[in-house]
Amino acid sequence: PMVGYSTMREVLLWAQTTQAAKVKFVYYEKGKPAEKMTSPEVMTDAQQAFVARCTAVVVPNQKYIYELWINNKKVELSYALEFQSQTLWQWRSDPPDFRFVFGACAYINEPLYDRPGKPYGDNYEIFGSILQKKPDFMLWGGDNVYLREVDYDSRTGILHRYTQARSLPELQPLLASVHHYAIWDDHDYGADNSNASFPYKAQTLEAFKLFWANPNVGILGEDMGGITGHFSWSDTDFFLLDNRWFKIFEGNKTLKTSMLGDKQIAWLVEALRYSKATFKFVVVGGQVLNDADVSQNASVENHSEYPAERSFLLQAIQNEGIKGVIFLTGDRHHTELSKLEKGVKLPVYDFTASPLTSGASGDRALNEANTLRLPNTYIGERNFATLDISGTKKDRKLLITVYNTKGEKLWEQKIEATEWEK
């Protein structure tokens, strides 16, 4: 089982069976096991990869214990099955403190279909280290699965790859008791560095919707497609962007090049303007602030390859007076924190965290000419990060802490909301 999105009124619970079966969840508030509730029952089938998605109706401010039932039998598992509803704090108290984990690039080996040589994935114990940090939720920053050449051109292959990754034993306890949200990047969207032309993106979008449990996907409209979405936690907003569906490669001499596309950027700017969140996290697969020229490296992507679009977006943040913007990005197989502050009234951050279990970049990008990288924040090994938001409503603070696969601290950085008031 996996715990998906949480609101004050409902929580999405997810499970996958190995064959057609009846699935339901029984749940109760902590400390009240006699007052059990039951989700609607779902019949899984092969066409939907034997996935069950069930809504648990909840009330605010509660923690719950749940049970997974398959074919009217309770499934006994060796790890905790828990979830929580969000807190109704507005007009009543300071916003709740909370912690979430951010990471990207999770490669799970399957030797039959992997490239020959040294396995690309490793250190799966990282998922246990993440669980030990007791986050409220985890935010997956793309490349959460790695489609292989054998997968790209068939629905069968795509669903197999998601199932194979989701079945990792080390991942199960984390899935079962921490809420999960996700975006995608090129490897769970399609082939390496793929763009709007990828011919099987309807199939990968279907798989994303099946295997992840965001509260909304594709909010630009049914005719637009993509995974663009949004959710809130406490006094914080998260804007989930799609850097693949609308992407037109740089260098195209006929079409307007873009990473995000005009309509998605228009939605983002207006959504950021409307948001009253203290911190506004914009989650996207590729780096935004990194200003290094990577045009001569075909394996590297970032928003600097689209200078007009990048400039428009960053200028819009300044023109509209949008405070508290922090980009959360992955893709690069290293971690770093960048900050735009010179020549602007409102600072903007870009925190890159990767990889989780994929191959790490080592020092390969350490000397990359990213003029906005903050000192001593580059990490070239597998890692993850916790982001803690705390403090009173008028004095909120963000603490970013980066850990290695064993859960040992590598660095931390504090960002105060008052920084945008100076």
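The following exchange concerns the cavities and one surface patch of a predicted model.

Colleague: Why is Val 150 called partly exposed?

Modeller: Its relative accessibility is 40%. Buried requires under 20% and exposed over 50%, with partly exposed in between; Val 150 therefore counts as partly exposed. The residue lies in the loop between strand S11 (137-141) and H2.

Colleague: What makes Val 150 part of a patch on the surface, and which residues form that patch with about 300 Å² of accessible area together?

Modeller: The patch is formed by Leu 112, Tyr 113 and Val 150. Membership requires over 30% relative accessible area, and Val 150 has 40%. Nonpolar side chains are joined within 5 Å, and this patch is a nonpolar one.

Colleague: How do you know how many cavities of 30 Å³ or more there are?

Modeller: The count by this rule is 2. The largest has a volume of about 100 Å³, and the second largest has about 40 Å³.

Colleague: What is the make-up of the lining of the largest cavity by class?

Modeller: That lining has 10 nonpolar, 1 polar and 1 charged residues. Among the lining residues are Phe 127, Trp 140, Asn 144, Arg 166 and Trp 212. Arg counts as charged and Asn, as one of the others, as polar. Helix H2 (residues 155-166) gives the most to this lining, with 3 residues.

Colleague: What makes Gly 286 a polar entry in the lining of the second largest cavity?

Modeller: Gly is counted among the polar residues, and Gly 286 lines that cavity. By class, its lining has 1 nonpolar, 3 polar and 4 charged residues. Met 259, Lys 247 and Asp 331 are also included in this lining.

Technical notes:
Residues are numbered from 1 along each chain as its sequence is written. This is a predicted model: local features need pLDDT of at least 70, side-chain atom pairs count only at pLDDT 80 or more; totals for chains, interfaces and linings use all residues. Side-chain values use heavy atoms; hydrogens and water are left out. On a 1 Å grid over the protein atoms alone, a cavity is a set of points where a 1.4 Å probe fits but cannot get out, and a pocket is an open set with protein on both sides within 12 Å along at least five of seven lines; lining residues have an atom within 4 Å of a point. Grid points are joined across faces, edges and corners, and a volume is the space filled by probe spheres set on the points. Helices (H or I, at least four residues) and strands (E, at least two) are DSSP runs, numbered from the N terminus. Patches are made of residues with over 30% relative accessible area and no salt bridge: like charges are joined within 9 Å, nonpolar side chains (Val, Leu, Ile, Met, Phe, Trp, Tyr) within 5 Å. Accessible areas come from the Shrake-Rupley method with a 1.4 Å probe; for residues, only the protein chains shown count as cover. A salt bridge is a side-chain nitrogen of Lys or Arg within 4 Å of a carboxyl oxygen of Asp or Glu. Buried means under 20% relative accessible area, exposed over 50%, partly exposed in between (1.4 Å probe, protein chains only).
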